[in-house]
Amino acid sequence: MRLAHLWDQSACIGCGACIAACNAANYGSSTRENRTWGWIRSNIRRITFDLKAKPYMLLVQCQHCDNAPCVAVCPTGASYRDKDGLVKINPALCIGCKYCMTACPYGARWLDDETGLPMKCMGEECQSRVAAGLEPVCVAVCPAGARAFGDIDDPNSEISKRLASGRIIRLLEYKGTEPKFFVRVGP
């Protein structure tokens, strides 16, 4: 089993429901700032490229890499790849060294200034939902159906079917991290 995310950029309406839902579910609708990103406390970051004639938006979050640099550099084993294929953090083992934050080429981790520990997708609520057979909140709330989540080793899963159609890219694929966050960029 290898769980993965898909974000359909061509269907996304940029409403931010996924970001707000992540904040509400995983951080109790906190209004405190995520100082690492200069953003709300959410595991999804919106990056906008102002290209004047054609603005471009990208949503970035943990890529749950098969070859995760954050796992390789963690000196305590706090960052690990679980049997479901997701990259997770065991806060009881984390010493707050931030090596994982430095190693991640996606900048997908942020520092909780209250606990001194790195945060990332998936938050505790989303992990509980997935363990119960539900979708992460970002997928569940998307009004445009621009997100999917599931087992890419199951050819009958929705994500596998969506990956089989359309143009799919993976961010910074040349880094060799084998990211499992897929971006559908067109039909």
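The following legends describe close-up views of a predicted model.

**Figure 1. Overall architecture of the protein.**
The predicted model contains six helices and twelve strands. Its radius of gyration is 16 Å, close to the 16 Å that the globule rule gives for 187 residues, so the protein is as compact as a globular protein of that length. The C-alpha trace spans about 45 × 40 × 35 Å along the principal axes. Of the 187 residues, 47% count as buried. Among contacts between residues at least 6 apart in sequence, 55% join residues at least 24 apart. The protein exposes about 9200 Å², and carbon and sulfur atoms supply 53% of this area.

**Figure 2. The largest nonpolar core.**
This core has 36 residues, of which Trp7, Ile44, Leu59, Tyr106, Met122 and Phe149 touch the most other members. Two or more residues each are given by β1 (3-8), α1 (17-27), β5 (56-60), α3 (99-103), α4 (124-131), α5 (137-141) and β12 (181-186). Helix α1 provides the largest share, five residues. A second, separate core consists of six residues, among them Ala148, Ile152, Ile159 and Phe182.

**Figure 3. Surroundings of Ile44.**
Ile44 is among the residues that touch the most other members of the largest nonpolar core. When neighbours within four places in sequence are left aside, Ile44 is in contact with Cys18, Ile19, Cys22, Trp37, Trp39, Leu59, Val60, Gln61, Cys138 and Arg147. Of these partners, Cys18, Ile19 and Cys22 are also listed among the buried residues of α1.

**Figure 4. Helix α1 and the contacts of Asn23.**
The buried residues of α1 are Cys18, Ile19, Ala21, Cys22, Asn23, Asn26 and Tyr27. An α-helix has 3.6 residues a turn, so residues three or four places apart point the same way. Asn23 lies in helix α1 and counts as buried, with a relative accessibility of 7%. Not counting residues up to four places away in sequence, Asn23 touches Gly28, Ser29, Ser30, Ile40, Arg41 and Ser42. Gly28, just after α1, takes a positive phi of about 55 degrees.

**Figure 5. The salt bridge between Asp113 and Arg32.**
Side chains of opposite charge can pair when their charged atoms come close. In this view, the side chains of Asp113 and Arg32 meet in a salt bridge, with an N to O distance of 2.7 Å. Asp113 lies in the loop between β8 (110-112) and β9 (117-119), and Arg32 in the loop between α1 and β2 (33-34), so the pair ties together parts that are 81 residues apart in sequence. Both residues are partly exposed: the relative accessible area is 37% for Asp113 and 30% for Arg32.

**Figure 6. The buried salt bridge between Arg41 and Asp112.**
The side chains of Arg41 and Asp112 meet in a salt bridge at 2.9 Å, N to O. Arg41 is located in the loop between β3 (39-40) and β4 (45-49) and Asp112 in strand β8, so the pair ties together parts that are 71 residues apart in sequence. Arg41 is buried, with a relative accessible area of 5%, and Asp112 likewise counts as buried, at 6% relative accessibility. Arg41 is also one of the residues that Asn23 of helix α1 touches.

**Figure 7. The salt bridge between Arg81 and Asp66, and the salt-bridge network.**
Arg81 forms a salt bridge with Asp66, the closest N and O atoms being 2.8 Å apart. Arg81 lies in strand β6 (residues 79-81) and Asp66 in the loop between β5 and α2 (69-73), so this pair ties together parts that are 15 residues apart in sequence. Arg81 counts as partly exposed at 35% relative accessibility, and Asp66 is partly exposed with a relative accessible area of 26%. Elsewhere, salt bridges that share partners join Arg32, Arg35, Arg41, Asp112, Asp113 and Glu114 into one network. The whole structure holds 16 salt bridges.

**Figure 8. A nonpolar surface patch.**
Phe49, Leu51 and Tyr56 make a nonpolar surface patch of about 280 Å². Tyr56 lies in strand β5 and is partly exposed, with a relative accessible area of 33%. Strand β5 is also one of the elements that give two or more residues to the largest nonpolar core.

Methods. Residues are numbered from 1 along each chain as its sequence is written. This is a predicted model: local features need pLDDT of at least 70, side-chain atom pairs count only at pLDDT 80 or more; totals for chains, interfaces and linings use all residues. Side-chain values use heavy atoms; hydrogens and water are left out. A nonpolar core is a set of buried Ala, Val, Leu, Ile, Met, Phe, Trp, Tyr and Cys residues joined through side-chain atoms within 4.5 Å. Buried means under 20% relative accessible area, exposed over 50%, partly exposed in between (1.4 Å probe, protein chains only). Helices (H or I, at least four residues) and strands (E, at least two) are DSSP runs, numbered from the N terminus. Contact means heavy atoms within 4.5 Å. Patches are made of residues with over 30% relative accessible area and no salt bridge: like charges are joined within 9 Å, nonpolar side chains (Val, Leu, Ile, Met, Phe, Trp, Tyr) within 5 Å. Accessible areas come from the Shrake-Rupley method with a 1.4 Å probe; for residues, only the protein chains shown count as cover. A salt bridge is a side-chain nitrogen of Lys or Arg within 4 Å of a carboxyl oxygen of Asp or Glu. The radius of gyration is taken over C-alpha atoms; the globule rule is 2.2 Å times the number of residues to the power 0.38.
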